[in-house]
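Here is a short set of exercises to work through with the viewer open. Try each task yourself before reading the solution.

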Amino acid sequence: MRVPLLDLKSEYAELKDKILPALDRVCQAAAFVQGAEVEAFEREFAEFCGTRHCVALSSGTAALHVGLLALGAQPQDEVITSPNTFLATAEAISYCGARPVFVDIDPATANLDPNLLERAITPRTRAIVPVHLYGRPADMDSIRSIADRHNLRILEDAAQAVGARYRGQRVGGLGHAAAFSFYPTKNLGAYGEGGALTTDDDSLARFARAARSHGETSRYQHEFIGFNYRMQGFQSAVLRIKLRYLDVWTARRSEIADTYRLLLEGANLTMPIDDSRDEAVYHQFVIYVNNRTDVISQLAAAGIETAVHYPKPLHLQPAYSALGYSPSNFPRSELACERVLSLPLFPGLTAEQISYVAKTVIQIVGKK
């Protein structure tokens, strides 16, 4: 049996009859950059997230960058985040001229550990960027409490967590603003790059709308130097259709994750812990194994595709060597990156495929 990590082709086959007319509608209107489809998506996504505003952008990285600028990040500032994330989280901090400051993770969740947060705060700290890694919400109550005590701003990195709920509230409205990615492999994926910033703050939204289009507040009136971070009409047209399916897809992802947990119980591996008060959306279903290279090889030989998210923490990436971090600075993140492995998970995964993956994993890693 062959089991892909993700199957976007079958998803397209399911939606093709709705997608193609939507793309034709964009062509008929010649609204290729921003326009009516983008505005409609912004309204619909803001409603989905339960926020006052959604600002559609060209990528998740753009959303992080504009979000941090809107929160006042500037050169010489420090912004705290997790080293266990994709590079874009820290890149956006660097784009502002600020310095990324890392805080180690809670090994139970792979998210930033609030118990270690306060010791990283200095007079130069401007903001905190908690990452809802793999679609599992970060411990926002603790993070918000610390941020309030120190008058810090919060930008959620919700790139992997569209639709997730923390204590009943959707991510996207848990901080001062939130950044989403609609990269094609995401739970809500465009047919190209795409992102969004959500917020309840009118002034933040106003800044973000200008910043995405060269600092323009009205036609050819540029209040500041901005960026070309506008969303394409095609991407919004696709996202509007997919958004209607997202709750059903998320429910299926949760079913698959529950089945994996049941079938893998007792296996010689570790799985992250979910808080029963929250709703994760399982952008990835990860396990932690020893001898990962060998496990990947044997799974591949059995026809099972896997991935590693992520093989090296940010503080050990060459791009951030100038920060001066060393191995063992963040041992929990380093251990997670050594052992983490993403198993196949997408809404179209069959019961037979799930069972086959779980049985093969147990055959390879054994029982505890």
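## Exercise 1: charges and rings

Arg 219 lies over the face of Tyr 220, at 4.3 Å from the ring centre. The model is a predicted one, in which local features need pLDDT of at least 70, side-chain atom pairs count only at pLDDT 80 or more, and totals for chains, interfaces and linings use all residues. Residues are numbered from 1 along each chain as its sequence is written, and side-chain values use heavy atoms, with hydrogens and water left out.

Task: which arginine lies over the face of Phe 48?

Solution. Start from the criterion: a charge sits over a ring if NZ of Lys or CZ of Arg is within 6 Å of the ring centre and within 35 degrees of the ring normal. Arg 170 lies over Phe 48, at 4.0 Å from the ring centre.

Next, follow Phe 48 into its surroundings. Ring pairs join it to a cluster with Phe 41, Phe 45, Phe 180 and Phe 182. Rings of Phe, Tyr and Trp (its six-membered ring) pair if their centres lie within 6.5 Å; planes under 30 degrees apart count as stacked, over 60 as edge-to-face and the rest as tilted.

## Exercise 2: one aromatic pair

Task: how many aromatic pairs does a search of the whole structure find, and what is the geometry of Phe 45 with Phe 182?

Solution. The search finds 16 aromatic pairs. Phe 45 and Phe 182 form an edge-to-face pair, with 5.4 Å centre to centre and 90° between the planes. Now place the two residues: Phe 45 is in helix α2 (residues 36-49), while Phe 182 is in the loop between β8 (177-181) and β9 (195-199), 137 residues apart. Helices (H or I, at least four residues) and strands (E, at least two) are DSSP runs, numbered from the N terminus. Both Phe 45 and Phe 182 are buried, where buried means under 20% relative accessible area, exposed over 50% and partly exposed in between (1.4 Å probe, protein chains only).

## Exercise 3: the sheet

Task: what is the strand order of the open sheet, and which strands stand at its edges?

Solution. The seven strands run in the order β1-β9-β8-β5-β4-β2-β3, with mixed pairing. β1 (53-57) and β3 (99-102) are at the edges with a single partner strand each, so one side of each has no neighbour in the sheet. Two strands pair if DSSP finds at least two bridges between them. Further in, β5 and β8 pair in the parallel sense over three bridges, and Leu 155 has Ala 177 in β8 as its bridge partner.

## Exercise 4: a glutamate in β5

Task: is Glu 156 buried or exposed, and which backbone nitrogen does its side chain reach?

Solution. Glu 156 is found in strand β5 (residues 153-157). Its relative accessible area is 0%, so Glu 156 is buried. The side chain of Glu 156 reaches the backbone nitrogen of Leu 174 at 2.8 Å. That is a polar contact (a pair of N or O atoms within 3.5 Å; within protein, one must be able to donate a hydrogen and the other to accept it, and residues adjacent in sequence count only if both atoms are side-chain atoms).

## Exercise 5: helix α3

Task: why is helix α3 described as largely enclosed by the rest of the structure?

Solution. Nine of the 11 residues of α3 (residues 60-70) are buried, so the helix is largely enclosed. Among them are His 65, Val 66 and Leu 68. At the start of α3, a side-chain oxygen of Ser 59 comes to within 3.4 Å of the backbone nitrogen of Thr 61. Gly 72, with a positive phi near 95°, follows α3.
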